[in-house]
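Hi everyone, thanks for coming. I'd like to take a few minutes to walk you through one model, so have a look at it before I start talking.

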Amino acid sequence: MKANIDLSRRKFLQSSAVVGAGLIIGIPLSLHKALAADAPAAAKLPAPNVFLKIGSDNRITVLLAHSEMGQGIWTTLPMLIAEELECDWQQIEVQHAPAAPVYAHTVWGVQGTGGSTTTWSEFDRYRQAGAMAKALLISAAAQKSNMKASDCKAENGKVICGKKSFTFGELADAAAKLPTPTEVRLKDPKNWTRIGKPTKRLDTPEKITGKAKFGIDIQFDGLLTALVARSPTFGGKVKSFDASAAKKVKGVRQVVQVPSGVAVVADHYWAAKQGRDALKIEWDRGPNASISTDELRKQFQALSKKHGATAQLAGDVEKALSESKDVLEMEYHVPYLAHAPMEPLNCAVKIGKDSCEIWTGTQFQTIDQATAAKILGLKPEQVTLHTTFLGGGFGRRANPVADFVAEAVHVAKAANAPVKTVWSREDDIHGGYYRPMYVQRIRVALDKSGLPQAWDHQLVGQSILTGTPFESSAVKDGVDHSSVEGIAGSPYLKAVPHHRVGLHSPNPGVTVLWWRSVGHSYNGFIMESVIDELAKKAGKDPLAYRRALLSNSPRHLATLNLAAEKAGYGKKLPKGRAHGIAVHESFGSFVAQIAEVSVENKQIKVHKVTCAIDCGIAVNPEGIQAQMESGVAYGLAAALHSKLTIKNGEVQQSNFHDYVVLKLNDMPVVETFIVDSKEKSGGVGEPGTPPIAPAVANAVAVLTGKRLRELPLNLSA
């Protein structure tokens, strides 16, 4: 493998800023060429510009530019460094990096975590950091032993030069004083010993012993707690309020009005809650006070009968449909959904004279930092943002308007005190940002062989990107690409000579946001359900039908075939059970799932899911397996239970008793098989979610003969 790195473009920095501090490796991005080009004496290296630190005490610290929210990057990114560094895995410690431009996403240009991008986007950058450190350590060892660097090697945390060996810690200070190499060579993949090896998570011990710090755990002397009373309707505002009763609650310090509502600031959570319960507020319910999901459904259904903005077009769809005698028309529905992370939102803020410190679990450091700075009249670099562990994100903590961080800053500013603003579970489900509701109408004409000849697909649902800083790049000609992902560009449509994908993006005023796997979460359900419907219409086996349509999509096909083989698709199942099948590409990975399902008293039970994934180079197979299980659990909750409804402008659900997520006894056995692939790594955090709902729906159709075209799946409706 030829793997020399162009250090003129992505130059490494090393630092010996503090005597005895050891070796510090930073990697300026191309976005910061000025910094890289002018990289002066290491002593002037900015402190945040660090990806890897090797202390003279032998401690190896990896800094994550992204947020660990359960997806396993606390382990995966260090694996990339360790692969090249040849360190002792047991010596690795991990920290979240501070919010700083140098840690910007290599593609997005801002610091953030999402889109199942972390591992593939850092695949080169973190390996390069490890390779750079190893080269310097070997050079230092060579000098100490009067040998050529080429005669020395790094191995398990030591550099061995003939009969001598040195720990990394013994070499760190000397290595930091050496000139920066002009190039380093990455290992040939055939020599990888860490990448591709199932590896236990590094964050598990901290989490099971309670040492791990989540945002909700942040506490320090003088920190108060606030709960905010927010408008029950979307877009509503405070008209007036009476805080006299709230102020009588023991422990309540202040009641302050902020843009999002009225905050009760107290010594602790319970006092803040009691104080908020005692508030008397008159709301201006705003322009969306009358909306309801029932009415929106009717409006969306009417729109779906018209052509929306064109997202994809080939051939003459109307002519082909009108000339066909075999047209199937279908209408599918998916509801609004909450993210419902186990740790509800929270954010602690301490404002100084010319500075601000923020502690929170966030997926969008750059935007949060900039938003806080704007509110306070500071520069972004005057805002220090400490990223904690996230108790689940699923997109909720990556808000383009930084809603919960902005609110917390407003509360601390109004209170003139350090304040942790906490959302209750009810606040989170009742007043958050949601996956949009969609209605989709599909008309498909089949040819004589039963294959689709014409396909018209109209989608109706809110855009999550219109009105955000991402609109200019993500919304073109009226089409939010995230709304149609998984449909526009689908390999199925490529096989159809006449096809059209249209999009309507009404805005009823509901706050919407990406939700795990974004548009794929619902488009995967609909596409794979439609394919099953077409297979039945054509009188063909669903697997054989997919194989015919995906003959020019080898990665889809290989993944599908692996899942079918491992599930024993086509073989006899226990009485009362059936297989449902689905395959979907998202975030650069291909996932096929076969669900083994039974139905009793109209209740759907998923016994087993056989999952196959082609995610390109599989860095940590154990982590991939965990993510597939997690994706199945999250998607199965939406498939079987979760749904938000709105009436009189208010979300009707409030907690897990009426916004139901998956319970332990709902969880099926999940077996995951990874396609051996040398392709570029794709994502794994989200691709496990889209196929599960259609796989289950397709199995239910086999068992009952009833096609369920709406989530959550409900045989009693």
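**A helix across a sheet**

Let me begin with helix α11, which lies across β9, β11, β12, β16, β17 (356-360) and β19, and runs at about 40° to β16. Before I go further, please keep in mind that this is a predicted model.

So what is the sheet that goes with this helix? In an open sheet of 7 strands, the order is β11-β12-β9-β19-β16-β17-β18, and the pairing is mixed. Which strands sit at the edges? They are β11 (252-258) and β18 (383-387), each of which pairs on one side only. Going from strand to neighbouring strand in this sheet, the turn is 20° on average, direction ignored. A second helix, α7, also packs on the sheet: α7 touches β9, β11, β12 (261-266) and β19, and its direction makes about 25° with that of β9.

If you'd like one pair of strands to zoom in on, try β16 and β19. Strand β16 (residues 346-351) and strand β19 (residues 419-422) run antiparallel and are joined by 4 bridges. Within that pair, you can find Cys347 opposite Thr421 in β19.

Now let's step back to the whole chain. How is the protein chain divided into domains? The assignment gives domain 1 (45-209), domain 2 (216-286 + 345-422) and domain 3 (293-337 + 434-704). Taken over C-alpha atoms, the centres of domain 2 and domain 3 are 37 Å apart. Their contact involves 12 residues from domain 2 and 17 residues from domain 3.

That brings me to a pocket. The second largest pocket has a volume of about 1000 Å³. It is lined by 37 residues, and those closest to its centre are Arg230, Ser231, Ser260, Glu407 and Gly431. Which elements give two or more residues to this lining? Our two helices are back, α7 (269-278) and α11 (403-415), together with α12 (425-430) and the strands β9 (224-230), β13 (280-284) and β29 (650-651). Domain 2 and domain 3 each supply at least three residues to the lining of this pocket. As for chemistry, the lining residues are 14 nonpolar, 13 polar and 10 charged.

There is another sheet to show you. This open sheet has 4 strands in the order β25-β26-β27-β30, again with mixed pairing. β25 (577-586) and β30 (669-674) are at the edges with a single partner strand each, so one side of each has no neighbour in the sheet. Neighbouring strands here are turned by 20° against each other on average, direction ignored. Inside this sheet, strand β26 (residues 589-600) runs antiparallel to strand β27 (residues 603-614), and 11 bridges join the two. Look there for Val599, which stands opposite Ile604 in β27.

I'll finish with two backbone details that you may like to find on screen. Where does the peptide bond from Leu711 lead in the cis form? It goes to Pro712, with omega near -5°, and Pro712 is placed in the segment after α20 (692-704). The other detail is Asn58, which is not a glycine and yet has a positive phi of about 80°. You'll find Asn58 in the loop between β3 (52-54) and β4 (60-64).

That's my tour. Thanks for listening!

Conventions
Residues numbered from 1 in each chain as written. Predicted model: local features only at pLDDT ≥ 70, side-chain atom pairs only at ≥ 80, totals over all residues. Heavy atoms only, no water. 1 Å grid on protein atoms, 1.4 Å probe; cavity = no way out; pocket = protein on both sides within 12 Å on 5 of 7 lines; lining within 4 Å. Points joined across faces, edges and corners; volume = space filled by probe spheres on them. Nonpolar A, V, L, I, M, F, W, Y, C, P; charged D, E, K, R; others polar. Domains from an automatic or database assignment. Pairing = 2+ DSSP bridges. Axes fitted to C-alpha atoms, helices over the stretch in contact; angles between N-to-C directions. Contact = heavy atoms within 4.5 Å.
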